[in-house]
Amino acid sequence: LFRSGLQGIATKHLTPLSDPASPVIELAIESVEKTAPGQNPEIVFNVKQDGAAVDILATPLTRIVFTVAGPTTDYATFWQNTAQGTGATGTLTAEGASFRYKMSTVLPASAAGSYAVGAEAYSQVGTGPRYSAHNPIAYVAVTDAVPEPRHDIVAETSCNNCHYKLNAHGGARNNPEYCVFCHNPNQAGDERIARFE
């Protein structure tokens with residue numbers, strides 16, 4: 001009786017984002033096409049909530065954003081397109097049980113090597129908590145014969161040893177492999193870049 005009483009108290013004090021009953025949003029990138037210089041990349045992806053497929057055209061998420069960064073040898077440039085939510089551009093269509101998003105931004109004519117494509121997505125009701133998907137990453141060949149992934153710098157488990165669950169920018173960015181798209185040494189003027197003092 002005492003033990004079950006403690007469990008009841010603990011459950012009442014969980015934050016929405018740590019409550020096991022809260023919705024779990026998943027976004028998976030299945031493929032990325034049209035990744036040559038000058039082309040508009042097209043991303044095929046799927047969305048699930050609590051393990052069940054979600055029709056985001058009938059029941060939209062609050063926000064879905066795709067980010068492209070490259071080259072993977074050492075990120076020097078990145079850009080984002082919003083697929084769903086405020087400021088959405090490009091074309092989002094159903095493709096079977098999945099979805100195809102054609103970006104409004106083209107790969108630069110100077111793009112070379114391999115690039116990375118990542119996503120962030122969340123559901124939010126009013127001013128309530130954001131239930132965010134983990135940021136999936138896909139590597140694509142631009143001029144390489146096969147995609148060349150970026151080398152790993154830090155493991156997500158290392159971040160979460162201190163942060164419990166890494167979540168920046170309102171919780172939608174939670175994968176260090178995605179964070180380095182923007183937070184990289186080539187962003188010399190960015191005050192958020194780690195430096196030796």
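Biologist: How many aromatic pairs does the structure hold?

Modeller: Keep in mind that this is a predicted model. A pair of aromatic rings is described by the distance of the centres and the angle of the planes. Counted over this structure, the aromatic pairs come to six.

Biologist: Let's take one of them. Are the rings of Phe-45 and Phe-99 stacked, edge-to-face or tilted?

Modeller: Their centres are 5.9 Å apart, and their planes meet at 40°. Stacked needs an angle under 30 degrees and edge-to-face one over 60. At 40°, therefore, the pair of Phe-45 and Phe-99 is tilted.

Biologist: How many residues apart in sequence are the parts that this pair ties together?

Modeller: Phe-45 sits in strand β2, residues 42-49. Phe-99 belongs to strand β7, residues 98-102. Both Phe-45 and Phe-99 are buried. Because one ring is in β2 and the other in β7, the parts tied together are apart in sequence by 54 residues.

Biologist: And how would you describe the pair of Phe-66 and Tyr-101, stacked or tilted?

Modeller: The ring centres of Phe-66 and Tyr-101 are 5.5 Å apart. This pair links distant parts of the chain, with Phe-66 in strand β4 (residues 63-70) and Tyr-101 in strand β7, 35 residues apart. The planes are at 15°, so the pair is stacked.

Biologist: Is Phe-66 buried or exposed?

Modeller: Buried means a relative accessible area under 20%. For Phe-66 that area is 0%, and Tyr-101 also has 0%. Phe-66 is therefore buried.

Biologist: Which residues form one aromatic cluster?

Modeller: We have already met each member through the pairs above. Phe-45 and Phe-99 make a tilted pair, while Phe-66 and Tyr-101 make a stacked one. The cluster consists of Phe-45, Phe-66, Phe-99 and Tyr-101.

Biologist: How many residues does the largest nonpolar core have?

Modeller: Phe-45 and Phe-66 are among the residues with the most contacts inside this core, as are Leu-27, Ile-43, Ile-56 and Ile-64. Elements that give two or more residues to the core include β1, β2, β4 and β7. Another core, of eight residues, lies apart from it and includes Tyr-139 and Tyr-178. The largest core has 30 residues.

Biologist: How many of the residues of β4 are buried?

Modeller: Phe-66 lies in strand β4, and this residue is in contact with Trp-79, Val-117 and Ala-119, among others. The strand as a whole is mostly covered. Out of eight residues in β4, the buried ones number seven.

Biologist: In which sense do β4 and β8 pair?

Modeller: Seven bridges join β4 and β8. At one place, Val-68 stands opposite Val-117 in β8. The sense of the β4 and β8 pairing is antiparallel.

Biologist: Through how many residues does a hairpin join β4 to β5?

Modeller: β4 and β5 also pair in the antiparallel sense, over seven bridges. Ala-69, for example, has Phe-78 in β5 as its bridge partner. The hairpin joins β4 to β5 through six residues.

Biologist: Which residue in β10 is the bridge partner of Tyr-115?

Modeller: β8 and β10 pair in the antiparallel sense over five bridges. β10 is mostly covered, with four of its five residues buried. In β10, the partner of Tyr-115 is Val-140.

Biologist: Where does pLDDT stay under 50?

Modeller: For the protein, the mean pLDDT is 84, and 74% of the residues reach 70 or more. One stretch has pLDDT under 50 and zero contacts beyond four places in sequence. That stretch is residues 1-11.

How values were computed. Residues are numbered from 1 along each chain as its sequence is written. This is a predicted model: local features need pLDDT of at least 70, side-chain atom pairs count only at pLDDT 80 or more; totals for chains, interfaces and linings use all residues. Side-chain values use heavy atoms; hydrogens and water are left out. Rings of Phe, Tyr and Trp (its six-membered ring) pair if their centres lie within 6.5 Å; planes under 30 degrees apart count as stacked, over 60 as edge-to-face and the rest as tilted. Buried means under 20% relative accessible area, exposed over 50%, partly exposed in between (1.4 Å probe, protein chains only). pLDDT is the predictor's confidence in each residue, from 0 to 100. Contact means heavy atoms within 4.5 Å. A nonpolar core is a set of buried Ala, Val, Leu, Ile, Met, Phe, Trp, Tyr and Cys residues joined through side-chain atoms within 4.5 Å. Two strands pair if DSSP finds at least two bridges between them.
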